Amino acid sequence: MGPKLTVKCPYGEKKGFAVFCKLINKKVSPLKYPCTSDHYQKCPIYRQYAGAKEEKAEVAETRKEAEEAPPRREPVREEAPPPAGGFKKPEEARTCHECIFYSELTKMCLKLKIKVDDPNNPPCKRGA
Ligand code: SF4
Ligand code: SF4
């Protein structure tokens, strides 16, 4: 009875007295490689193949993260503020939008107490 052979390397498979290494698809001697030892990670084949595999997975993971990162948000533009200098008196306002008596909500002129059909053409400035 020879010594019990337990393959520790996840890439090794016991084949009689040899080990079949799945990384190189070849039988290897466990005397030459650390397949049955806890130090299988020091195996040059393991390091070359498994290391490369893990590295690839890491790169893929990093790429995935970059893709999943939320896009940078553009600053939202605010609505145009009320006319600079505040609202104006009817005589000074060119449009009802600038006028202190105009209600944007009800579209009413609070001075004339009428509905304004065209705030860009103030009713108070129409006609002679
Ligand atoms: S220890 Fe090395 S040779 Fe043995 S199975 Fe693992 S990678 Fe292959
Ligand atoms: S119509 Fe009324 S709200 Fe418009 S400018 Fe004249 S006074 Fe102001």
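In the predicted model, C109 lies opposite I114, a residue of strand β6. The strand β5, made up of residues 108-109, is joined to β6 by two bridges, and the two run antiparallel. Both belong to an open sheet of three strands, arranged in the order β4-β5-β6 with antiparallel pairing. The edge strands of this sheet are β4, covering 102-103, and β6, covering 114-115; each of them pairs on one side only. In general, the strands of a sheet pair through backbone hydrogen bonds, in either a parallel or an antiparallel manner.

C109 is also one of the residues around ligand 2. The other residues there are P90, C96, C99, F101, Y102, P122, P123 and C124. By class, this shell consists of nine nonpolar residues, with no polar and no charged ones. Two of its cysteines, C99 and C124, fall into separate classes of accessibility. C99 has a relative accessible area of 9% and is therefore buried, the cut-off being under 20%. C124 has a relative accessible area of 43% and counts as partly exposed, because this value lies between 20% and 50%.

Ligand 1 is surrounded by C9, Y11, G12, C21, L23, V28, Y33, P34, C35, C43, I45 and Y46. The shell around ligand 1 divides into eleven nonpolar residues and one polar residue, and charged residues number none. Cysteines are listed around each ligand, including C9 and C21 at ligand 1 and C96 and C99 at ligand 2. The structure nevertheless holds zero disulfides.

Definitions and conventions:
Residues numbered from 1 in each chain as written. Chains lettered and ligands numbered in written order. Predicted model: local features only at pLDDT ≥ 70, side-chain atom pairs only at ≥ 80, totals over all residues. Heavy atoms only, no water. Near = heavy atom within 4 Å. Nonpolar A, V, L, I, M, F, W, Y, C, P; charged D, E, K, R; others polar. Pairing = 2+ DSSP bridges. Helix = DSSP H or I, 4+ residues; strand = E, 2+ residues; numbered from the N terminus. Disulfide = S-S within 2.5 Å. Buried < 20%, exposed > 50% of the residue type's maximum accessible area, 1.4 Å probe, protein only.
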